[in-house]
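Hi everyone, thanks for coming. Let me put the structure up, and then we'll walk through it together, one helix and a few strands at a time.

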Amino acid sequence: MAVRRQSRPRRFLMCEPRHFDVSYAINPWMHPDEEVDVRRAHRQWESLVASFRAHGHVVETLPPAPGLPDMVFAANAALVLGGRALGSVFHAPQRRGEADHYELWLKDAGVPVRRARSVCEGEGDLVPVAGRVLAGTGFRTTPEAHREAEELFGVPVVALRLVNPFFYHLDTALFALDDENVAYYPDAFAPESRAVLERLFPHAVIATLGDALAFGLNSVSDGRHVFVAPGAVALGEELARLGYVPVPVDLSEFRKAGGGIKCCTLEVRS
């Protein structure tokens with residue numbers, strides 16, 4: 001019999017995809033010659049917002065700025081933990097203008113922000129779980145930023161090296177299921193990082209390559225409901241077997257930019 005999981009209400013910050021497009025390439029998913037259906041992307045984003053709210057979560061929004069097509073990917077802008085934020089410094093010049101907009105919103109919301117001193121892409125590479133922060137590196141966020149996060153938040157930071165450019169952020173290869181456990185795709189990580197994950201999370205949900213390529217690991221969980229890409233079929237079945245409730249939300253238009261459900265969602269943790 002599956003365990004009855006407990007959900008916890010969350011507070012999310014999101015940004016409308018009014019200016020969403022693929023006008024440059026900064027990861028292997030992006031092809032500027034591929035047409036983006038902006039209206040479809042907007043409908044998909046609205047569906048995600050509605051789904052979060054229907055499950056009891058607070059969603060606040062930040063107005064998008066022209067010329068910043070990836071601003072919809074709110075998770076990359078910061079890590080907010082314990083009522084404080086580590087603001088991002090983006091690796092790609094095309095995205096650096098996003099940081100000021102998110103920093104201003106957070107400060108207006110009463111969240112003190114410390115801008116990182118080195119490349120740091122927020123929840124894209126920093127995942128709080130089990131009293132620590134799992135921290136991706138290899139493509140974007142630097143080990144120096146890991147040390148900044150440890151200093152600011154006062155919790156252990158565990159470095160995990162990513163090795164597959166299709167999983168260029170940690171949140172494309174791993175997500176927190178609840179306060180104690182994770183799901184991940186092992187081959188996205190260097191061998192030594194896989195060993196760390198195996199030691200820390202012996203009961204983790206292991207995803208297939210198909211799940212990962214469907215952006216199934218770019219999911220958001222409230223501890224019970226898992227907002228997940230519908231194409232991650234095997235992952236969804238395993239989550240249901242374990243007592244989680246998969247909530248499929250199609251964000252396939254955003255996959256053209258290498259993004260998904262979690263990319264669009266910044267959690268504001270008090």
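Let's begin with helix α1, whose buried residues are Ala 41, His 42, Gln 44, Trp 45, Leu 48, Val 49, Ser 51 and Phe 52. Please keep in mind that this is a predicted model.

What covers those buried residues of α1? The cover includes strands β1 and β2, along with β12 (220-221), β13 (225-228) and β14 (245-248).

Now look at the two ends of this helix. At the N-terminal end, Asp 37 acts as a cap, with a side-chain oxygen 3.3 Å from the backbone nitrogen of Arg 39. After α1 comes Gly 56, with a positive phi near 90 degrees.

Here is a little check you can follow at your desk. α1 has 17 residues, and at 1.5 Å a residue they should span 24 Å; the end C-alpha atoms are 24 Å apart, so the two agree.

Next, the sheet. Three strands make an open sheet in the order β2-β1-β15, and the pairing is mixed. At the edges sit β2 (58-62) and β15 (266-267), each pairing on one side only. Helix α1 (residues 38-54) packs on this sheet and touches β1 and β2, its direction making about 170 degrees with that of β1. β1 (residues 11-15) and β2 run parallel and are joined by five bridges. If you'd like one pair to find on screen, Met 14 has Thr 61 in β2 as its bridge partner. Helix α2 (residues 98-108) also lies across β1 and β2, at about 130 degrees to β2.

Let's move to a hairpin. Strands β6 and β7 (residues 132-137) pair in the antiparallel sense over four bridges, and Val 129 stands opposite Arg 132 in β7. Two residues lie between the strands, and Ala 130 in the turn has a positive phi of about 55 degrees.

Are the faces of β6 covered or open? Both are covered: Leu 126 and Pro 128 are buried on one side, Val 127 and Val 129 on the other. In a regular strand, side chains alternate between the two faces of the sheet.

Finally, the cores. Which residues touch the most other members of the largest nonpolar core? Among its 34 residues, they are Leu 134, Leu 174 and Phe 189. Elements supplying at least two residues each include β6, β13 and α6 (233-241). There is also a second, separate core of 25 residues, and Ala 41 and Leu 48 are among its members. Those two also appear among the buried residues of α1, where we started.

Technical notes. Residues numbered from 1 in each chain as written. Predicted model: local features only at pLDDT ≥ 70, side-chain atom pairs only at ≥ 80, totals over all residues. Heavy atoms only, no water. Buried < 20%, exposed > 50% of the residue type's maximum accessible area, 1.4 Å probe, protein only. Pairing = 2+ DSSP bridges. Contact = heavy atoms within 4.5 Å. Axes fitted to C-alpha atoms, helices over the stretch in contact; angles between N-to-C directions. Expected span 1.5 Å × (residues − 1). Polar contact = N/O pair within 3.5 Å; in protein donor to acceptor, adjacent residues only side chain to side chain. Core = buried A, V, L, I, M, F, W, Y, C linked by side-chain atoms within 4.5 Å.
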